[in-house]
Amino acid sequence: MNRVLSVIGHDIVSITRDSIMINIVVMMIALATIASILRHMGLYPEWWHNTQLLLLLTYMPGMGYLFAMLIVDEMDSGVNQALLVSPASAMGVLWARVALPTAFVLLYAFAFIYAARAIDLPFHQWLVPILTLSLAVSWVTLLIPAISHDKVQALGLFKILNLYVAIATVGLFIPQDAWYRPVLWLTPASWALNGIEAFVGGNEGLGYAWSFGGLAFFGALVAHAAWLYLRRQAR
């Protein structure tokens, strides 16, 4: 456990060295603060529902990308190979690297939800959809180093993965009965947003159905990414 914690400490130092992570965190805090102030001032009330969902969804893949690039950089430099033969548990390091950014995005999500209070739902109705969205972090963190061979490929893949998650926001701006709406169900983020929308509409059963369905969907994607990652590590 101490060795795994040492690797985590090294990751934190590495990811904050060039100030990108620090700048992103400061920007996220500032964004949540501004959004909360505008909401409590009663400005732009017709925007708040969709604005909160947009802000909750769009930052999560990017956090996974930061940690994915850390792993890709270690693969390029040979540090990753050294870790594989070190006493530190490979699985422990892997899941610690997934858990750290996931815990951060969950903490930020609920802080933002209760600071802005743009959508009034109890905690238990928020929990499963937000857990579903947070799996975007694990998915991106694992899948990018699993199938990318360099930083250029990693960036290109991130853009595709980010689009796959973010395209769920299209559902916020199209009619519920649009014939093409089911296409969005191909991304689990849409299931999470549908769950939140159902909770807002007072349909708790449907809200849980969408939310748990999205959680299972995204969980399957994460499990597949983990399998690909471990298979590459075993080569």
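Contact is taken here to mean heavy atoms within 4.5 Å, and helices (H or I, at least four residues) and strands (E, at least two) are DSSP runs numbered from the N terminus. The structure is a predicted model, in which local features need pLDDT of at least 70 and side-chain atom pairs count only at pLDDT 80 or more, while totals for chains, interfaces and linings use all residues. Residues are numbered from 1 along each chain as its sequence is written, and side-chain values use heavy atoms, with hydrogens and water left out.

The secondary structure of the protein chain consists of 10 helices and zero strands. Of its 235 residues, 47% are buried (under 20% relative accessible area, with a 1.4 Å probe and protein chains only). The accessible surface, computed by the Shrake-Rupley method with a 1.4 Å probe, comes to about 11,600 Å², of which 70% belongs to carbon and sulfur atoms. Among contacts between residues at least 6 apart in sequence, 77% join residues at least 24 apart.

Helix packing was examined for α7, α9 and α10, with axes fitted as lines to C-alpha atoms over the stretch in contact and angles running from 0 to 180 degrees between N-to-C directions. The axes of α9 (residues 188-200) and α10 (residues 204-233) come within 7 Å and cross at roughly 165°; the two helices are therefore roughly antiparallel (an angle over 145 degrees). Their crossing is left-handed, that is, the near helix is turned anticlockwise from the far one by less than a right angle. On the α9 side, the contact residues include Trp191 and Phe199, which together with others of that helix meet a set in α10 that includes Tyr208, Trp210, Phe217 and Phe218. By class, this contact has 10 nonpolar, six polar and one charged residues, where Ala, Val, Leu, Ile, Met, Phe, Trp, Tyr, Cys and Pro count as nonpolar, Asp, Glu, Lys and Arg as charged, and the others, Gly among them, as polar.

Helix α7 (residues 123-147) packs against α10 with axes that come within 8 Å and cross at roughly 20°, so that α7 and α10 are roughly parallel (under 35 degrees). This crossing is also left-handed, and the residues of the contact divide into 21 nonpolar, seven polar and two charged.

Between α7 and α9 the axes lie 9 Å apart at an angle of about 165°, which makes α7 roughly antiparallel to α9. The contact involves Gln125, Trp126, Pro129, Thr132 and Leu133 of α7 and Pro188, Ala189, Ala192, Ile196 and Phe199 of α9, and its residues comprise eight nonpolar, two polar and no charged.

Terms used:
Angles under 35 degrees count as roughly parallel, over 145 as roughly antiparallel, 65 to 115 as roughly perpendicular and the rest as oblique. Buried means under 20% relative accessible area, exposed over 50%, partly exposed in between (1.4 Å probe, protein chains only).
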